[in-house]
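Q: Could you take a close look at one helix in this model and walk me through its surroundings? I would enjoy a connected tour rather than a list.

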Amino acid sequence: TINGRVYGIADGDTLMVLDGANRQRKIQLIGIDAPALTQEFGRNARTALSARVSDQSVRADCRRVNSTDLCRVWIGEKDIALELVRAGAAWWNPQHTQLQTPQERADYQQAEFNAKIRRFGLWDSKNPTPPWQWRFP
């Protein structure tokens, strides 16, 4: 667990946290994949994350995977990644299913479905391309 303050936003699913020991930590949100900055809606996704977490105190429950901290990040009781999916600022990431509980998977899938049918955020585009397909066509 990392407790700290957000001091930077790299993209729509990556943030920088200064932990209690004043160490800089780069954290990728678990369970989602946001559009790359150069991809359609990429800057909007970064703005959506920034609006929710900039200069906020957070708790991050992390797993180290391939030298990356993959974390569920919380502000109070709010799961930030889930909030981004609900807003249509990110996809639920099927590559992270093994890192989520069955309840988390269900919550994220439902949030994505609701964002799609309401055409929130990136779902307002005609045919948005998931980042994992955009990066590796």
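What follows is a walk along helix 3 and out into the parts around it.

A: Happy to. Please keep in mind that this is a predicted model.

Let us start with the helix itself. Helix 3 covers residues 102–118. At 1.5 Å a residue, its 17 residues should span 24 Å, and its end C-alpha atoms are 24 Å apart, which agrees.

Next, which residues of helix 3 are buried? They are Glu 104, Tyr 108, Ala 111, Glu 112 and Ala 115. These residues cover an arc of only 95° around the axis, so they sit on the same side of helix 3. The general background is that an α-helix has 3.6 residues a turn, so residues three or four places apart point the same way. On the face turned away from that buried side, helix 3 carries the exposed residues Pro 102, Gln 103 and Ile 117. Just after the helix comes Arg 119, whose phi is positive, near 60°.

What does the buried side pack against? The buried residues of helix 3 pack against strand 4 (32–33), strand 6 (68–75), strand 7 (78–79), helix 2 (80–86) and strand 8. Two of these partners are worth following further.

Take strand 6, where Arg 72 lies. At 19% relative accessibility, Arg 72 counts as buried, because the cut-off for buried is under 20%. Leaving aside neighbours within four places in sequence, Arg 72 is in contact with residues including Glu 104 and Tyr 108, both of which are among the buried residues of helix 3. The contacts of Arg 72 also include Ile 30, Arg 59, Ala 60 and Asp 61. Asp 79 is another of its contacts, and a polar contact of 2.5 Å joins the side chains of Arg 72 and Asp 79.

Then there is Cys 71, which forms a disulfide with Cys 62, their sulfur atoms 2.1 Å apart. The count for the model comes to one disulfide. Its torsion about the S-S bond is about 105°, so the disulfide is right-handed. How accessible are its two ends? Cys 71 is buried, with a relative accessible area of 0%, whereas Cys 62, at 27% relative accessibility, counts as partly exposed.

Now for strand 8, the other partner to follow. Strand 8 (residues 91–92) holds Trp 91, which is buried with a relative accessible area of 5%. A search of the whole structure finds two aromatic pairs. In one of them, Trp 91 and Trp 123 meet edge-to-face, 5.5 Å centre to centre with 65° between the planes. Trp 123 lies in the loop between helix 3 and helix 4 (131–135), so this pair ties together parts that are 32 residues apart in sequence. Both Trp 91 and Trp 123 are buried. Trp 91 also pairs with Trp 132, again edge-to-face, at 6.4 Å centre to centre and 75° between the planes. Trp 132 belongs to helix 4, so that pair ties together parts that are 41 residues apart in sequence. Trp 91, Trp 123 and Trp 132 form one aromatic cluster.

To gather the picture: the buried residues of helix 3 pack against strand 6 and strand 8, among other elements. Strand 6 brings in Arg 72, and strand 8 brings in Trp 91, a member of the aromatic cluster.

Notes. Residues numbered from 1 in each chain as written. Predicted model: local features only at pLDDT ≥ 70, side-chain atom pairs only at ≥ 80, totals over all residues. Heavy atoms only, no water. Phe/Tyr/Trp six-rings, centres within 6.5 Å; stacked < 30°, edge-to-face > 60°. Helix = DSSP H or I, 4+ residues; strand = E, 2+ residues; numbered from the N terminus. Buried < 20%, exposed > 50% of the residue type's maximum accessible area, 1.4 Å probe, protein only. Expected span 1.5 Å × (residues − 1). Arc of directions from axis to C-beta. Contact = heavy atoms within 4.5 Å. Disulfide = S-S within 2.5 Å. Polar contact = N/O pair within 3.5 Å; in protein donor to acceptor, adjacent residues only side chain to side chain.
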